[in-house]
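Colleague: Please walk me through this model one question at a time, as you would for someone in their first year.

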Amino acid sequence: MSLSASDRVLALLGDGQVWTARRLSEQAGLSLRTVRRAVAGLREEGVVIDTDVGRGGGMRLGARSALPRVRLSHAEALDLVFALALAESLRLPMLGAGIAGLRARLSSTFAPTDRAAVQRLRRRILVGLPASEPIRRSWSEPAAGQARLLQEAFMASRVVRFRYQSREQRVSRRCVEPQYLLLNHPVWYLLGLDRDSAAGRTFRLDGIDQVQMLDDGFVAVPPGALAPEVNDWFQAV
């Protein structure tokens with residue numbers, strides 16, 4: 001996620017130093033005009049920025065400054081909803097009891113039609129018991145770019161092609177409907193309909209690469225239609 005001009009300026013002001021507009025411009029890689037507009041925008045949001053006048057003066061973040069409003073894109077808000085839902089489903093005690101309420105408040109920021117879409121997507125993320133120790137040791141985090149492409153295809157209900165390497169080191173090319181994401185913490189799996197075999201298949205995400213999202217869409221089917229045992233071991237977030 002790239003930082004906005006206001007975020008860059010705020011990050012620099014937050015170090016406690018006195019900053020001139022020109023120095024902010026140089027450090028943030030922004031024009032003087034953009035820096036001044038960013039400072040004005042932060043003040044409108046309630047951020048207290050003190051100004052030292054006179055020779056050698058500048059700006060600094062006020063000691064009692066309020067935090068600015070968090071600005072999230074639709075995709076970022078959706079990511080956060082899912083992250084909170086997953087944290088809630090995993091019952092992580094250190095995250096406190098307020099996660100459900102926070103997730104509900106965040107979900108309420110979506111339009112009604114978008115809220116319905118969020119609920120449909122949540123039903124396609126299934127959580128089971130934590131992975132066994134041998135499975136955990138064999139797990140490696142997927143490449144961020146590949147995981148993001150797969151997530152986008154999952155959320156948009158689009159078919160994907162990818163290269164898959166199984167734990168037995170067998171390599172194959174697949175064309176799959178990414179119907180469900182399964183989590184045995186920390187290990188993620190894709191449960192999909194393999195279009196070549198017309199059958200449900202499960203793939204570990206760390207074995208997937210060379211992801212290509214196609215134009216073809218698909219309609220979600222019940223997880224038990226793809227793998228009957230899923231209903232016994234997983235539940236939706």
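Colleague: What is the relative accessibility of Arg136?
Modeller: This is a predicted model, where local features need pLDDT of at least 70 and side-chain atom pairs count only at pLDDT 80 or more, while totals for chains, interfaces and linings use all residues. Residues are numbered from 1 along each chain as its sequence is written, and side-chain values use heavy atoms, leaving out hydrogens and water. With a 1.4 Å probe and protein chains only, buried means under 20% relative accessible area, exposed over 50%, and partly exposed in between. Arg136 counts as partly exposed because its relative accessibility is 35%.

Colleague: Which residue does Arg136 meet in a salt bridge at 3.9 Å?
Modeller: Side chains of opposite charge can pair when their charged atoms come close. A salt bridge here is a side-chain nitrogen of Lys or Arg within 4 Å of a carboxyl oxygen of Asp or Glu. The partner counts as partly exposed, at 44% relative accessibility. At 3.9 Å from N to O, Arg136 meets Glu133.

Colleague: In which helix do Glu133 and Arg136 sit?
Modeller: Helices (H or I, at least four residues) and strands (E, at least two) are DSSP runs, numbered from the N terminus. Glu133 and Arg136 are three residues apart, so about one helical turn separates them. The element that holds both, residues 133-138, is helix H7.

Colleague: How many salt bridges does the structure hold?
Modeller: One of them joins Asp206 and Arg204, whose closest N and O atoms are 2.7 Å apart. Salt bridges that share partners also join Glu133, Arg136 and Arg137 into one network. For the structure, the count is 10.

Colleague: Is Arg204 buried or exposed?
Modeller: Its partner Asp206 is partly exposed, with a relative accessible area of 22%. Arg204 has a relative accessibility of 6%, and therefore counts as buried.

Colleague: Which residue pairs with Arg195 in a salt bridge?
Modeller: The closest N and O atoms of the pair are 3.5 Å apart, and the partner of Arg195 is Asp216. This links distant parts of the chain, 21 residues apart: Arg195 is in the loop between strand S6 (187-194) and strand S7 (199-204), and its partner is in strand S8 (residues 208-217). Arg195 is partly exposed at 35%. Also partly exposed, at 40%, is Asp216.

Colleague: Which backbone nitrogen lies 3.2 Å from a polar atom of the Asp194 side chain?
Modeller: Asp194 is in strand S6 and counts as buried, at 3% relative accessibility. A polar contact is a pair of N or O atoms within 3.5 Å; within protein, one must be able to donate a hydrogen and the other to accept it, and residues adjacent in sequence count only if both atoms are side-chain atoms. The Asp194 side chain reaches the backbone nitrogen of Asp196 at 2.9 Å. The backbone nitrogen at 3.2 Å belongs to Ser197.

Colleague: At roughly what angle do the axes of H1 and H3 cross?
Modeller: Axes are lines fitted to C-alpha atoms, for helices over the stretch in contact, and angles run from 0 to 180 degrees between N-to-C directions. Angles under 35 degrees count as roughly parallel, over 145 as roughly antiparallel, 65 to 115 as roughly perpendicular and the rest as oblique. Helix H1 (residues 5-13) and helix H3 (residues 32-44) have axes that come within 9 Å and cross at roughly 80°. H1 is therefore roughly perpendicular to H3.

Colleague: How many nonpolar residues are in the contact of H1 with H3?
Modeller: Contact means heavy atoms within 4.5 Å. Ala5, Ser6, Val9 and Leu10 in H1 meet Thr34, Ala38, Val39 and Leu42 in H3. Ala, Val, Leu, Ile, Met, Phe, Trp, Tyr, Cys and Pro count as nonpolar, Asp, Glu, Lys and Arg as charged, and the others, Gly among them, as polar. By class, no residue in this contact is charged, two are polar, and the nonpolar ones number six.

Colleague: Which residue does a cis peptide bond join to His185?
Modeller: The partner is in the loop between strand S5 (171-184) and S6. With omega at about 0°, the bond joins His185 to Pro186.

Colleague: What is the phi of Ala198?
Modeller: Ala198 is in the loop between S6 and S7, and counts as exposed at 61% relative accessibility. Although Ala198 is not a glycine, its phi is positive, at about 55°.
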